[in-house]
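Colleague: Please take a close look at a single helix of this model and at whatever packs around it. A connected account, with the criteria behind each term, would suit me best.

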Amino acid sequence: MGQVEEPLRLVVVDDHQMVLDGLKAMLEPHSERVRIVGEAGTPAQAVTEIVRHEPDAVLLDIRLRGSSGLDLCGEILGHRPGCKVVFLTVYDDEQYLYQALQLGASGFLLKRVRGSELVEYLTRIHEGEVLIDPALASRVAKSAARIRNGEFWPGAHLGITQRESDVLSLLVAGMSNRAIATKLFITEETVKTHLRGLYRKLEVGDRAGAIAVALREGVYR
């Protein structure tokens, strides 16, 4: 007799209990392929569950209450490098996708996915694929075409990244670090990291200097 294949062991992370319950209900009919071994509502709980259960994969959202799933992604892979981190989110922002992949995520899916599709995606990811939700993948392809044609984000000619450009635009609009973090669904510490990058690349020492360069260069009017 052939060896029975064990189901993929999954930890789910979301700060809404309703979402956690929905995922459990959605995956229950497929328990022979995917089994939820732990759940968490905060990054601290997530790390505890991952260390305890050593799952094959972790399913989490981009935005967690008071924190960022992107920051958690790096922490998870630090504790368990072989784990497959898969984002399941409503935020179809290409920049989130790029950041997730740069951090080592193995998948980026949108919450409209059906249970059978999610199981299929998780299985393929577990087997070594890196998967992007088809709806987002088509937009990424279009973005790549625009970049090839020389169309970039504001400030690209100054050497800043697209996310740094987003932060700079909100800086010019007069927003505080907290307001920028809320607007972009990232932590204040991540905002500060982007600001340090901006200051270095724009060769300025503070917010006023960055705004002055942005206005002088005609980046934001």
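**Helix H8 and its surroundings**

Modeller: Directly after H8 comes phenylalanine 185, whose phi is positive, near 60 degrees. Helices (H or I, at least four residues) and strands (E, at least two) are DSSP runs, numbered from the N terminus. The model is predicted, so to speak of local features requires pLDDT of at least 70 and side-chain atom pairs count only at pLDDT 80 or more, whereas totals for chains, interfaces and linings use all residues. Residues are numbered from 1 along each chain as its sequence is written, and side-chain values use heavy atoms, with hydrogens and water left out.

The buried residues of H8 are Asn177, Ile180, Ala181 and Leu184. Seen down the helix axis, they fall within an arc of 100 degrees and so line one face of H8; the arc is that of the directions from the axis to the C-beta atoms. Buried here means under 20% relative accessible area, exposed over 50%, and partly exposed in between (1.4 Å probe, protein chains only). Exposed Arg178 and Lys183 are found on the other side of H8. The buried residues pack against H4, helix H7 (162-172), H9 and helix H10 (207-216), where contact means heavy atoms within 4.5 Å.

Phenylalanine 185 itself is partly exposed, with a relative accessible area of 22%. Its ring leads to the aromatic pairs, of which a search of the whole structure finds three. In one of them, tyrosine 91 and tyrosine 96 have ring centres 6.3 Å apart and planes at 70 degrees, so this pair is edge-to-face. In another, the rings of tyrosine 91 and phenylalanine 185 have centres 4.5 Å apart and planes at 35 degrees, so the pair is tilted. Tyrosine 91 lies in the loop between strand S6 (84-89) and helix H4 (94-103), and phenylalanine 185 in the loop between helix H8 (177-184) and helix H9 (188-202), so the latter pair ties together parts that are 94 residues apart in sequence. Rings of Phe, Tyr and Trp (its six-membered ring) pair if their centres lie within 6.5 Å; planes under 30 degrees apart count as stacked, over 60 as edge-to-face and the rest as tilted. Ring pairs link Tyr91, Tyr96 and Phe185 into a cluster. In this cluster tyrosine 96 counts as buried because its relative accessibility is 2%.

H2 may be set beside H8. The buried residues of helix H2 (residues 43-53) are Pro43, Ala46, Val47, Glu49 and Ile50. They cover an arc of only 165 degrees around the axis, which puts them on the same side of H2. Exposed Ala44 and Arg52 sit on the face turned away from that buried side. H2 is followed by glutamate 54, whose phi is positive, near 45 degrees.

As for the wider interior, the largest nonpolar core has 46 residues, and those with the most contacts inside it include Leu72, Phe87, Leu168 and Leu202. Apart from it lies another core, of 19 residues, among them Leu27 and Val119. A nonpolar core is a set of buried Ala, Val, Leu, Ile, Met, Phe, Trp, Tyr and Cys residues joined through side-chain atoms within 4.5 Å.

Finally, confidence: the mean pLDDT (the predictor's confidence in each residue, from 0 to 100) of the chain is 87, and 91% of its residues reach 70 or more. Confidence is lowest in helix H6 (residues 134-148), at a mean of 68, and highest in S1, at 97. Where pLDDT is low, the predicted coordinates should not be read in detail.
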